[in-house]
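Got the model open in your viewer? Switch to cartoon view and follow along, one selection at a time.

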Amino acid sequence: MKHPYARGLAAVLVASCALLAVAGCSENGNPVDFNAGGPGSASTPVKPVDQDTRMPSGPKSEFRITRTLDDGTHIARTTLKGAKSGVTGSVWVWAPKEYQDPKYAKSGFPVLMALPGGLGSPQDKDGVTNYWVGGDIKLQENLTKWTAAGKSLPFIVVMPMLNPDTRYHDGSDIPGQQKMGTWLTDDVVDLVKANFRTFRSRDGWAFMGSSSGGFASLKSVLKYPEKFKAAIASGPDIVPDSPMWAGHQKEKDANNPEKLAASLLKKGGPEVYIAFQAGGKEGAGVLNPIRRFREKYGKGPIHTTFQVIPGGRHNAWDYQKGMETSSIKFISDQLKAPIPSDS
């Protein structure tokens, strides 16, 4: 079910991004290096604080600033040419202020893959964008606030494009189409590992998404529980519904969260943690499928919560209210925090 008002949200975000471009920061377009505390020189490599910490492996990508927060942290964009998927597209990243703190220079950081709803609109000059980058939504400012309040881990936020064109790809490798599932769960992950201090284990990897991005988040964690441990799925589709699946039922089933959940229950693990969210005003078409999924599959290794946001509608602003109330803490409690060191 693709919500018709997703396009309305996209139109608002186009206008907002245009205002940001006019008001913009003087740093926009400048290169930025996120490799703070990276592997160092060949003669003096940095020793990680624990065995789970993975130092940036390279090669470095070229990131250019698109927005600077009041605390001096940057959101930056790069173009990724996916080695495994063959997909080329934009990826935005943000590292919290803790990432630059010398006491964490030897530690990995948890990663939150933030996926948009709709088609990921608006568009930038280089292709489809991801609305979580915008200063109107302020996801990064909110995460900074929630981290200070003890509700959230200091996540590296990774914001890839979700669809390469004006069709819904369901975050999947649909036969005959671009391999968006491989792009999200392999190529974008490899980009992050190449450029940031991360964790080797799945304890450092989670998804967050709204609407069709919520579906992709839910599906990715259930399909690859050995790689990703948790997700926040806001107002998600529960089953794949792209028209491009026609004639490919076997592949569609392999990307169906209900069937993936049934398989995970049969296997008995690994354990995953899904924080469902929906606005109270979204209606039965959104709320009831989530309730049915939890009733049937929310047991054993599949741990779920459901935050109904009072008065909430199907949009990124209201979904962040649910994140602040409980959802960001639910997944943060299951993931690994950066580890301080004295030297």
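Start by selecting strand β6 (residues 111-115) together with β11: the two pair in the parallel sense over five bridges. Keep in mind as you click around that this is a predicted model. For one rung of that pairing, pick Met113, whose bridge partner in β11 is Phe207.

Now stay on β11 (residues 205-210) and colour by burial. Six of its six residues are buried. Which residues cover which side? Trp205, Phe207 and Gly209 sit on one face, Ala206, Met208 and Ser210 on the other, and both faces are covered.

Next, add strand β12 (residues 230-234), which runs parallel to β11 and is joined to it by five bridges. Phe207 turns up again here, with Ala231 as its bridge partner in β12. Show helix α4 (residues 212-223) as well, and you have β11, α4 and β12 as a right-handed β-α-β unit.

Keep going across the sheet. Strand β13 (residues 272-279) pairs with β12, again in the parallel sense and over five bridges; for a rung to look at, Ala230 has Tyr273 as its bridge partner in β13.

Time to zoom out and select every strand of this sheet. What is the strand order in the open sheet of ten strands? Reading across, it goes β1-β3-β4-β5-β9-β6-β11-β12-β13-β14, with mixed pairing. The edge strands are β1 (31-32) and β14 (302-309), each of which pairs on one side only.

Switch to side chains for the nonpolar cores. The largest has 52 residues, and the members that touch the most others are Val158, Trp183, Phe196, Leu222 and Phe276. Helix α3 (residues 180-195) gives the largest share of this core, seven residues. Apart from it lies another core of 29 residues, including Trp94, Ile137, Ala206 and Leu335. In soluble globular proteins, nonpolar side chains tend to be buried together.

Centre on Trp183 and show its surroundings. Leaving out residues up to four places away in sequence, Trp183 touches Leu80, Ser85, Val87, Thr88, Gly89, Ser90, Val91, Pro160, Met161 and Val188.

Last stop: turn on a surface and look for the second largest pocket, with a volume of about 210 Å³. Which residues lie nearest its centre? Select Ile238, Val239, Glu258, Pro289 and Arg292, out of 14 lining residues. Then highlight helix α7 (residues 284-297), which supplies the largest share of the lining, seven residues.

How values were computed:
Residues numbered from 1 in each chain as written. Predicted model: local features only at pLDDT ≥ 70, side-chain atom pairs only at ≥ 80, totals over all residues. Heavy atoms only, no water. Core = buried A, V, L, I, M, F, W, Y, C linked by side-chain atoms within 4.5 Å. Buried < 20%, exposed > 50% of the residue type's maximum accessible area, 1.4 Å probe, protein only. Helix = DSSP H or I, 4+ residues; strand = E, 2+ residues; numbered from the N terminus. Contact = heavy atoms within 4.5 Å. Pairing = 2+ DSSP bridges. Right-handed = clockwise from strand over helix to strand, strands pointing away. 1 Å grid on protein atoms, 1.4 Å probe; cavity = no way out; pocket = protein on both sides within 12 Å on 5 of 7 lines; lining within 4 Å. Points joined across faces, edges and corners; volume = space filled by probe spheres on them.
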